[in-house]
Amino acid sequence: MALDLATLEMLSPVIVVATAIGTAGWVFNNWLRMRHGYPLENSWGKSIYPKTDGEAQARVQLLTQENAELRAEVSAMKDRMAAVERIVTDQGYDVARQIEGLREARSLAQAADKETRQ
C-alpha cells in the first residue's frame with residue numbers, strides 16, 4: 001500500500017501541525033524543568049546539568065544541611081507547642097482566676113496601705 005501524491009498532499013498539514021505541536025511541547029517541557037531546577041537530559045536520558053558530580057554533591061550537601069536546620073526548627077516548635085498545650089490544658093481557666101485573685105489582693109493591699117497612712 002503505497003501513498004500516492006494526493007494522499008500525501010492531504011496528510012501534509014496534519015504532519016506539519018503534529019511536528020509543530022511536538023516541538024512546542026518539547027520546548028515547554030524543557031522550560032518548565034529549567035524553571036523549577038530539574039536537570040535537563042540528553043537524548044539518552046543522561047543528565048546534562050549539573051555538569052560535574054562535584055556540583056551535584058555540593059547541592060545535595062546544602063539541601064541536607066537545610067533539611068537538618070528545618071528539622072531542628074520544627075522540633076523546637078513542637079516543644080513550644082507542647083508547653084503551650086500543657087499550660088492551657090493543665091491549668092485551664094484557673095490561670096485567669098488566679099490573676100484576678102492577685103489583682104484583688106493587690107488592690108486590697110493598696111487600699112489598706114492608704115488607710116494606714118492617713
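Start by selecting Leu8: with a relative accessible area of 41%, Leu8 is partly exposed. Here buried means under 20% relative accessible area, exposed means over 50%, and partly exposed is in between, with a 1.4 Å probe and protein chains only. Leu8 sits in helix α1, which covers residues 5-35. Helices are DSSP runs of H or I with at least four residues, strands are runs of E with at least two, and both are numbered from the N terminus.

A word about what is on your screen: this is a predicted model, in which local features need pLDDT of at least 70, side-chain atom pairs count only at pLDDT 80 or more, and totals for chains, interfaces and linings use all residues. Residues are numbered from 1 along each chain as its sequence is written, and side-chain values use heavy atoms, with hydrogens and water left out.

**Stop 1: the patch around Leu8**

Keep Leu8 selected and add Leu3, Leu5, Leu11, Val14 and Ile15. Together these residues make a nonpolar surface patch of about 580 Å². To join a patch, a residue needs over 30% relative accessible area and no salt bridge; nonpolar side chains (Val, Leu, Ile, Met, Phe, Trp, Tyr) are joined within 5 Å, and like charges within 9 Å. Accessible areas come from the Shrake-Rupley method with a 1.4 Å probe, and for residues only the protein chains shown count as cover.

**Stop 2: the whole chain**

Now zoom out and colour by secondary structure. You should find 3 helices and 0 strands, in the order α-α-α along the sequence. How big a box do the C-alpha atoms of the protein fill? Along the principal axes, the box is roughly 120 × 40 × 30 Å. The radius of gyration is 36 Å, whereas a compact globule of 118 residues would have one near 13 Å. That radius is taken over C-alpha atoms, and the globule rule is 2.2 Å times the number of residues to the power 0.38.

Switch on the surface next. It comes to about 11100 Å² of accessible area, and 61% of this belongs to carbon and sulfur atoms. Buried residues make up 1% of the 118 residues.

**Stop 3: helix α2**

Select residues 53-91 to show helix α2, where you will find Ala72. Ala72 counts as partly exposed, at 47% relative accessibility. Measure from Ala72 to Ser43: the C-alpha atoms are 41 Å apart in space, and the residues are 29 apart in sequence.

Leu62 is in helix α2 too, and Leu62 is exposed, with a relative accessible area of 56%. From Leu62 to Asp79 is 17 residues in sequence and 26 Å in space, C-alpha to C-alpha.

**Stop 4: helix α3 and its salt bridge**

Which residue forms a salt bridge with Glu100? Select Arg103 to see the partner: the closest N and O atoms are 3.0 Å apart. A salt bridge is a side-chain nitrogen of Lys or Arg within 4 Å of a carboxyl oxygen of Asp or Glu. Side chains of opposite charge can pair when their charged atoms come close. Both Glu100 and Arg103 lie in helix α3 (residues 94-117), 3 residues apart, or about one turn of the helix. Glu100 is partly exposed at 39% relative accessibility, while Arg103 is exposed at 54%. A search of the whole structure finds 1 salt bridge.

**Stop 5: two long views from helix α3**

Ala96 lies in helix α3 and is partly exposed, at 44% relative accessibility. To return to where you began, draw a line from Ala96 to Leu8: their C-alpha atoms are separated by 87 Å, and the two residues are 88 apart along the chain.

Finish with Arg97, also found in helix α3 and exposed at 61%. The C-alpha atoms of Arg97 and Leu32 are separated by 59 Å, with their positions 65 residues apart along the chain.
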